[in-house]
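Please open the structure in the viewer and keep the selection tool ready. The tour proceeds stop by stop, with a selection to make at each one.

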Amino acid sequence: MATWGYGNDNGPATWVKSFPVAAGTRQSPIDIVPTAAKCDTKLTENPLTVNYSPEPAMELCNPGLSVKANIKSKSVIKGGPLEGEYKLEQFHLHWGSADKQGSEHTLNGKMFPAELHLVHYNATKYSSFGEAVDKPDGLAVFGIFLKISDKPHQGLKSLTDVLSEVQYKDKSINIKQEYNPVCLLPDNINKYWTYLGSLTTPPLCESVTWIVFEEPIEVSEDQMKAFRALCCGECGSAPIVDNYRPPLPLGNRQLRASFQ
Ligand SMILES: NS(=O)(=O)c1ccc2oc(NC(=O)c3ccccc3)nc2c1
Ligand SMILES: [Zn+2]
């Protein structure tokens, strides 16, 4: 069975053949239209709180279609749209072959050069990611837009400086310095949009409460080039670029905003 990917023969338009939920009613990503969002004061009454811990020897790997960091420490979030405590499992990114594309969520139809996803599971109700992954309240994912600036992002620099060591599929390394993922969050995490959606790659489970921050984080062009130098396979294989699913219809879903 051909594995899914982002090419012409195995890309997002083909996923429904093996994953029928791709045609479901709460799929992600979506186009975020701020004027269509409902400002919900309940979101601010119960502010989103992040309690991330330093990760000693964080594992960074190249699974072939992105770059992913696996988290072992107890890093949790709660509040905002969430009931209970959600535990950080992993984070990864999606990016373009050029700065004009790359993000999965779009803002008024605009794509950003990349998007960072911090993936959490509902540790109050479920005992593992695997148990939570297919439950309607199982997961919460932070979506953070990346935009280009002339300065590199210091938090991402610890990762982009070593991406050459995970250039090929199934390579993994441990980051020597302890790493607190809190350094990846934008300064203002009180301004976000939230809606009920799905994983953006197969198995596309409709189990994600998405929290997409209004404030992007800023990265340098050199850092983008480092992501685009990652390979899908072994030496000589194609670069990992344009690993994003285009937006799906919001349908009957309510997009809520934590701010006016
Ligand atoms: N682009 S996305 O929607 O954030 C997204 C999409 C697909 C995903 O599959 C997984 N699986 C694990 O993390 C995992 C964690 C532990 C064990 C097995 C899998 N996370 C995902 C996030
Ligand atoms: Zn993702």
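A residue is called buried when its relative accessible area is under 20%, exposed when that value is over 50%, and partly exposed in between. The model on display is a predicted one.

**Stop 1: G11**

Select G11, which is found in the segment before α1, the helix of residues 15-18. Is G11 buried or exposed? Its relative accessible area is 4%, so G11 is buried. Leaving out residues up to four places away in sequence, G11 touches G5 and Y6. Now add A57 to the selection: G11 and A57 are 46 residues apart in sequence, and their C-alpha atoms are 34 Å apart in space.

**Stop 2: ligand 1**

Select ligand 1 next and display the residues around it. These residues are E89, Q90, H92, H94, H117, V119, F129, V141, L199, T200, T201 and W210. Which distances should be displayed here? Begin with H92, where an N or O atom of the side chain is 3.2 Å from a nitrogen atom of ligand 1. Continue with H94, which has a polar side-chain atom 3.3 Å from a nitrogen atom of the ligand. Then turn to T200, where a polar side-chain atom lies 2.8 Å from a nitrogen atom of ligand 1. Taken alone, ligand 1 exposes 490 Å², and the protein buries 73% of that area.

**Stop 3: E115**

Select E115 in strand β9, which covers residues 114-122. E115 is in contact with H92, H94 and W210, among others, and H92, H94 and W210 are also among the residues around ligand 1. Which side chain of opposite charge is nearest to E115? It is K110, 12 Å away; E115 is buried yet has no salt bridge. A polar atom of the E115 side chain does lie 2.8 Å from the backbone nitrogen of E104.

**Stop 4: N70**

Move to N70, in strand β5 (residues 68-70). With a relative accessible area of 17%, N70 is buried. Apart from its neighbours within four places in sequence, N70 is in contact with E55, M58, E59, C61, E89 and Q90. Of these contacts, E89 and Q90 also appear among the residues around ligand 1.

**Stop 5: salt bridges**

How many salt bridges does the structure hold? There are 12. Several may be selected in turn.

- Select D137 and K125. They form a salt bridge in which the closest N and O atoms are 2.6 Å apart. D137 lies in the loop between α3 (129-132) and β10 (139-148), and K125 in the loop between β9 and α3, so the pair ties together parts that are 12 residues apart in sequence. D137 is partly exposed, at 24% relative accessible area, whereas K125 is exposed, at 51%.
- Select D170 and K169. The closest N and O atoms of this salt bridge are 3.7 Å apart. D170 counts as exposed, at 60% relative accessibility, while K169 is partly exposed, at 40%.
- Select E221 and R228. Their side chains meet in a salt bridge of 3.0 Å, N to O. E221 is partly exposed, with 23% relative accessibility, and R228 is buried, with 15%.
- Select D40, K42 and R256 together. These residues are linked in a network of salt bridges.

**Stop 6: backbone details**

Finally, show the backbone and select S28 with P29. A cis peptide bond joins the two, with omega about 0°. P29 lies in the loop between α1 and β1 (31-32).

Select P202 and P203, which are joined by another cis peptide bond, with omega about 10°. P203 is found in the loop between β12 (192-197) and β13 (208-213). L204 is placed in the loop between β12 and β13 as well. The phi angle of L204 is near 60°, a positive value in a residue other than glycine. Is L204 buried or exposed? L204 is buried, with a relative accessible area of 0%.

The last selection is N108, in the loop between β8 (106-107) and β9. N108 is a residue other than glycine with a positive phi, near 50°. At 55% relative accessibility, N108 counts as exposed.

Terms used: Residues are numbered from 1 along each chain as its sequence is written. Chains are lettered from A and ligands numbered from 1 in the order in which they are written. This is a predicted model: local features need pLDDT of at least 70, side-chain atom pairs count only at pLDDT 80 or more; totals for chains, interfaces and linings use all residues. Side-chain values use heavy atoms; hydrogens and water are left out. Helices (H or I, at least four residues) and strands (E, at least two) are DSSP runs, numbered from the N terminus. Buried means under 20% relative accessible area, exposed over 50%, partly exposed in between (1.4 Å probe, protein chains only). Contact means heavy atoms within 4.5 Å. Lys and Arg count as positive and Asp and Glu as negative; His and the chain ends are not counted. A salt bridge is a side-chain nitrogen of Lys or Arg within 4 Å of a carboxyl oxygen of Asp or Glu. A polar contact is a pair of N or O atoms within 3.5 Å; within protein, one must be able to donate a hydrogen and the other to accept it, and residues adjacent in sequence count only if both atoms are side-chain atoms. A residue is near a molecule or strand if one of its heavy atoms lies within 4 Å of it. Accessible areas come from the Shrake-Rupley method with a 1.4 Å probe; for residues, only the protein chains shown count as cover.
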